[in-house]
Amino acid sequence: MQPLPDDEFWMRRALALARQGESEDEVPVGAVAVLDGREIGAGFNRPIAACDPTAHAEILALREAAARLGNYRLNGAALYVTLEPCVMCAGAIVHARIARLVFGARDIRFGGVRSKFRLADSELLNHRVEIVEGVLGAECAALLGEFFRRRR
């Protein structure tokens, strides 16, 4: 699928969230859920601070969006993520009925959407997510690369 005009705007918001996570010594991944042109949920990685292996940016953004809408189904919403979602997050995206997933960089080790698995738009499931990849991908990958270089 092709990017839309607002995709870079929302990915920049996700990058800002990723940097916020980085400032808290978390792996810098950010996510923002958008419906009808407005932000309904946002998050950045927090598994260390929350002592919670499920506290990925996508999960936190989906939780906030669902609480805000009062419904676990986020029909028509888009999710912007700086890194390709893992299998856990891809499953949550499908369960939430996200219409569109936009991610920046691929995750060649754990990617559940393109790199290792193709969960979000699998023909085996009853809901398929429209996927756009590579929006601000170089910037997203550079943020992660610098984070891990500093830690080694």
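What pattern does the protein chain follow when read along the sequence? The answer is α-β-β-α-α-β-α-β-β-α. Keep in mind that this is a predicted model.

## Overall build

That pattern comes from 5 helices and 5 strands in the protein chain. The radius of gyration is 14 Å, close to the 15 Å that the globule rule gives for 152 residues, so the chain is as compact as a globular protein of that length. If you want a box for it, the C-alpha atoms fill roughly 40 × 30 × 30 Å along the principal axes.

Buried residues account for 50% of the 152 in the chain. As for contacts with a separation of 6 or more, 56% of them link residues 24 or more positions apart. On the outside, the accessible surface comes to about 7700 Å², and carbon and sulfur atoms own 53% of that.

## The sheet

The 5 strands make an open sheet, and its order is β2-β1-β3-β4-β5, with mixed pairing. Which strands stand at the edges? They are β2 (38–44) and β5 (130–133): each has a single partner strand, so one side of each is left without a neighbour in the sheet. From one strand to the next, the twist averages 15 degrees.

As a bit of background, strands of a sheet pair through backbone hydrogen bonds, either parallel or antiparallel. Here, β3 (residues 78–83) and β4 (residues 100–105) run parallel and are joined by 5 bridges. To pick out one pairing on screen, go to L79, whose bridge partner in β4 is L101.

Those two strands also have a helix over them: α5 (residues 137–151) lies across β3 and β4. Helix α5 runs at about 60 degrees to β4.

## Aromatic pairs

How many aromatic pairs does the structure hold? There are 2. One of them joins F9 and W10 edge-to-face, with 4.9 Å centre to centre and 85 degrees between the planes. Its two members sit in contrasting surroundings: F9 is exposed at a relative accessible area of 53%, because the cut-off for exposed is over 50%. W10, on the other hand, is buried, with a relative accessible area of 9%.

F147 and F148 form an edge-to-face pair as well, at 5.1 Å centre to centre and 80 degrees between the planes. Is F147 buried or exposed? With 4% relative accessibility, F147 counts as buried. F148 is partly exposed, with a relative accessible area of 30%.

Terms used: Residues numbered from 1 in each chain as written. Predicted model: local features only at pLDDT ≥ 70, side-chain atom pairs only at ≥ 80, totals over all residues. Heavy atoms only, no water. Phe/Tyr/Trp six-rings, centres within 6.5 Å; stacked < 30°, edge-to-face > 60°. Buried < 20%, exposed > 50% of the residue type's maximum accessible area, 1.4 Å probe, protein only. Pairing = 2+ DSSP bridges. Helix = DSSP H or I, 4+ residues; strand = E, 2+ residues; numbered from the N terminus. Axes fitted to C-alpha atoms, helices over the stretch in contact; angles between N-to-C directions. Contact = heavy atoms within 4.5 Å. Rg over C-alpha atoms; globule rule 2.2 N^0.38 Å. Areas by Shrake-Rupley, 256 points an atom, 1.4 Å probe, with all protein chains shown as cover.
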